[in-house]
Amino acid sequence: AGSVALDAPASTTGNADINFKLPVADGSAGQALKTDGSGNLGFANLGKILQVVSVTSISNIATSSDFPQATGISLNITPAATGNNILLIASFQCYITGGSSNNRIGLYGIKDEGNTIIAQFRFGADSTNEAGKDIFGSNTIHRVYSPNTTSQKTYELVYGRYSSSYANTVNLNGGGGGDNRSTLTAIEIGA
């Protein structure tokens, strides 16, 4: 009969006993030990990057309309398997103008072809201390998304005013200097 040895930690949360059931076999090359959350351990393949799709724009665009407005910065990706995840990353230059308005807030986000907002980011100021000042900065949104399909998915960077009560213009890639580019990236991660 064989034996298996593991070194236990000096203490556990609340000094409670923890029991793990090890698998019979040692798994295959490249696999890692995983848990089902109930103490049963097994071997599984690690997630790996299967494909990367990216698009970059240096065009300065602006809107005075409410979120979400199209930017034209979009990409398509077709997942290889239903259980795979898509890591979405949007990096962009924000620029909010508003004249004498106190309330200058824009929303930036990522949507899919069904107009579902996958992730969004609020940027700006609604303080009298900021009245008359333009606001700019570089920002990033990232989100792991599970589309649960092998059909082509389309994702787009969207933007717009927070609401019609905010009398400001929301810009992408303009003003304030900096990199002045927007990049949208989709990375498929195998399950």
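**Entry 1: a charge over a ring**

I began with Arg 122, which lies over the face of Tyr 162, at 4.5 Å from the ring centre; I count a charge as over a ring if NZ of Lys or CZ of Arg is within 6 Å of the ring centre and within 35 degrees of the ring normal. I note that this is a predicted model, in which local features need pLDDT of at least 70 and side-chain atom pairs count only at pLDDT 80 or more, while totals for chains, interfaces and linings use all residues. Residues are numbered from 1 along each chain as its sequence is written, and side-chain values use heavy atoms, with hydrogens and water left out.

**Entry 2: overall make-up**

I looked up the secondary structure and found zero helices and 12 strands in the protein, where helices (H or I, at least four residues) and strands (E, at least two) are DSSP runs numbered from the N terminus. Of the 191 residues, 35% count as buried; buried means under 20% relative accessible area, exposed over 50%, and partly exposed in between, with a 1.4 Å probe and protein chains only.

**Entry 3: aromatic pairs**

I searched the whole structure for aromatic pairs and found five; rings of Phe, Tyr and Trp (its six-membered ring) pair if their centres lie within 6.5 Å, and planes under 30 degrees apart count as stacked, over 60 as edge-to-face and the rest as tilted. The rings of Tyr 108 and Tyr 159 have centres 6.5 Å apart and planes at 35°, so I entered this pair as tilted. The pair links distant parts of the chain, with Tyr 108 in strand β7 (residues 103-112) and Tyr 159 in strand β10 (residues 153-161), 51 residues apart. Both tyrosines, Tyr 108 and Tyr 159, are buried.

I then took Phe 121 and Phe 123, whose rings are stacked, at 6.3 Å centre to centre and with 25° between the planes. Phe 121 is partly exposed at a relative accessible area of 24%, whereas Phe 123 counts as buried at 12%. These four residues belong, together with Phe 92, to one aromatic cluster.

**Entry 4: salt bridges**

I found four salt bridges in a search of the whole structure, taking as a salt bridge a side-chain nitrogen of Lys or Arg within 4 Å of a carboxyl oxygen of Asp or Glu. One of them joins the side chains of Asp 66 and Arg 161 at 3.1 Å, N to O. This pair also links distant parts of the chain, since Asp 66 sits in the loop between β4 (61-63) and β5 (69-77) and Arg 161 in strand β10, 95 residues apart. Asp 66 is partly exposed, with a relative accessible area of 29%, while Arg 161 is buried at 14%.

Lys 111 and Glu 156 form another salt bridge, with the closest N and O atoms 3.7 Å apart. Lys 111 lies in strand β7 and Glu 156 in strand β10, so the pair ties together parts that are 45 residues apart in sequence, and both residues are buried.

For Lys 153 and Glu 113 I noted 2.8 Å between the closest N and O atoms of the salt bridge. Lys 153 lies in strand β10 and Glu 113 in the loop between β7 and β8 (117-126), so this pair ties together parts that are 40 residues apart in sequence. Lys 153 counts as buried at 9% relative accessibility, whereas Glu 113 is partly exposed at 42%. Salt bridges that share partners join Asp 112, Glu 113 and Lys 153 into one network.

**Entry 5: backbone in the loops**

I checked the peptide bond from Phe 67 to Pro 68 and found it cis, with omega near 0°; Pro 68 lies in the loop between β4 and β5. Asn 115 has a phi near 65°, a positive value in a residue other than glycine, and this residue lies in the loop between β7 and β8, where Asn 115 is exposed with a relative accessible area of 53%. Asn 148 likewise has a positive phi, near 50°; Asn 148 is placed in the loop between β9 (135-145) and β10 and is exposed, at 54%.

**Entry 6: the lining of a pocket**

I closed with the largest pocket, whose lining residues divide into eight nonpolar, two polar and two charged. Ala, Val, Leu, Ile, Met, Phe, Trp, Tyr, Cys and Pro count as nonpolar, Asp, Glu, Lys and Arg as charged, and the others, Gly among them, as polar. A pocket here, on a 1 Å grid over the protein atoms alone, is an open set of points where a 1.4 Å probe fits, with protein on both sides within 12 Å along at least five of seven lines, and lining residues have an atom within 4 Å of a point. Among the lining residues are Leu 6, Asp 7, Asp 17, Asn 19 and Phe 20.
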